[in-house]
Amino acid sequence: MAFPAQHEIYKRRLSRNVGLGLTLVAFIVLVFGLTMVKVMQVGQMQAFDHVVRPEMLPADAAGEGGQ
């Protein structure tokens, strides 16, 4: 029993679906990477207002102020 030949539209649809899938995977990897970078830097931030905590600065940098 022979299988009928597949129409061309299914081949084009498959290539579009694969391209869209790869694009979505790339977007997810990008968002995950940015999230990981932000989480790794949160140790120097206070709460979620993105303000550097003065007590986290080195002692010589905290005393500098030009005075």
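The accessible surface of the protein chain comes to about 6600 Å², and carbon and sulfur atoms account for 68% of that area. Keep in mind as you look around that this is a predicted model. Of the chain's 67 residues, 0% count as buried.

Now for the fold itself. The chain has 2 helices and 2 strands, and if you walk along from the N terminus you meet them in the order α-β-β-α. Helix α1 covers residues 8-40, and the next stops on our tour bring us to residues of this helix.

Let's begin with its charged pair. Searching the whole structure turns up 1 salt bridge, in which the side chains of glutamate 8 and arginine 12 meet at 3.7 Å, N to O. Both partners belong to helix α1 and sit 4 residues apart, about one turn of the helix. How accessible are they? Glutamate 8 has a relative accessibility of 48%, so it counts as partly exposed. Arginine 12 is partly exposed too, with a relative accessible area of 43%.

Further along the chain, the picture turns nonpolar. Phe27, Ile28, Leu30, Val31 and Leu34 form a patch on the surface, together offering about 510 Å² of accessible area. One of these residues deserves a visit of its own: isoleucine 28, found in helix α1. Is isoleucine 28 buried or exposed? Its relative accessible area is 54%, and because exposed means over 50%, isoleucine 28 counts as exposed.

Methods
Residues numbered from 1 in each chain as written. Predicted model: local features only at pLDDT ≥ 70, side-chain atom pairs only at ≥ 80, totals over all residues. Heavy atoms only, no water. Salt bridge = Lys/Arg side-chain N within 4 Å of Asp/Glu carboxyl O. Buried < 20%, exposed > 50% of the residue type's maximum accessible area, 1.4 Å probe, protein only. Patch = residues over 30% accessible without salt bridge, like charges linked within 9 Å, V, L, I, M, F, W, Y side chains within 5 Å. Areas by Shrake-Rupley, 256 points an atom, 1.4 Å probe, with all protein chains shown as cover.
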